[in-house]
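Here are my comments on the structure, written as numbered points. Please read them with the display open.

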Amino acid sequence: MTNVPYTAQRRWPSPLGTIWAARTALGLAGLWFAEGQKDTPKTLDAPTCEDDPLLRAVEASLDAYWQAGCLSERPPLDLHGTPFQRAVWQALLEVPLGQTLSYRDLAERIGRPQAVRAVGAAVGRNPVSILVPCHRIVGSDGSLTGYAAGLERKIALLRLEGVLAA
């Protein structure tokens, strides 16, 4: 989103490609794979801050995730989207590590069982990859459908979390 009041950004390498993170005064507002992810911004109107404490903490948390497959602590988030999107993203935060949920189940959890397609679209627009775990959402039959950062990354994340065999 171009109207998000980002205050800092930075990039760093990860096992799945370069991570690009951005924050606002309130918290982490964007976490994308810099290459090969849909809806990744082209540029951000925010300074690059290699020493930003929140962005450094996000990097440290993800470093631990790559090593152990779990997150010690989620940083404060500042998710910008429609009220419906934010409801979907909040529900994503409640999907436990090592588990998956179908788009239909997610729609039911937010009280909108008829909105499966809209839920899918909101999942796809999640601005904070990995930490807001949209990779844990699967098709009703358990199939690994869609992931804005690519199916290979979704598979890698689910393997790391022990959902899929290595």
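**Notes on core and sheet**

1. The model is predicted. A convenient place to begin is Leu28: leaving aside neighbours within four places in sequence, Leu28 is in contact with Ala21, Ala22, Arg23, Leu54, Leu55, Val58, Pro75, Pro76, Leu77, Asp78, Val128 and Leu131.

2. Apart from the largest nonpolar core lies another core, of 9 residues. Val4, Trp20, Trp32 and Ala34 are among them.

3. Leu28 also matters to the description of the largest nonpolar core, which has 38 residues. Together with Leu31, Leu62, Leu106 and Ile130, Leu28 touches the most other members. At least two residues of this core come from each of β1 (8-12), β2 (19-23), β3 (28-33), α1 (53-68), α2 (83-92), α3 (103-109) and α4 (116-124). The largest share, 6 residues, is supplied by α1. As background, nonpolar side chains tend to be buried together in soluble globular proteins.

4. The strands form an open sheet of 3, in the order β1-β2-β3, and the pairing is antiparallel. Which strands are at the edges? They are β1 and β3, each of which pairs on one side only. From one strand to the next, the twist averages 15°.

5. Between β1 and β2 the antiparallel pairing extends over 5 bridges. For Ala8, the bridge partner in β2 is Arg23. Arg23 is also one of the residues in contact with Leu28.

6. Helix α1 lies across β1, β2 and β3. Its direction is at about 30° to β1. The helix that crosses these strands is therefore also worth viewing with the core in mind, as α1 gives the core its largest share of residues.

Technical notes:
Residues numbered from 1 in each chain as written. Predicted model: local features only at pLDDT ≥ 70, side-chain atom pairs only at ≥ 80, totals over all residues. Heavy atoms only, no water. Core = buried A, V, L, I, M, F, W, Y, C linked by side-chain atoms within 4.5 Å. Buried < 20%, exposed > 50% of the residue type's maximum accessible area, 1.4 Å probe, protein only. Helix = DSSP H or I, 4+ residues; strand = E, 2+ residues; numbered from the N terminus. Contact = heavy atoms within 4.5 Å. Pairing = 2+ DSSP bridges. Axes fitted to C-alpha atoms, helices over the stretch in contact; angles between N-to-C directions.
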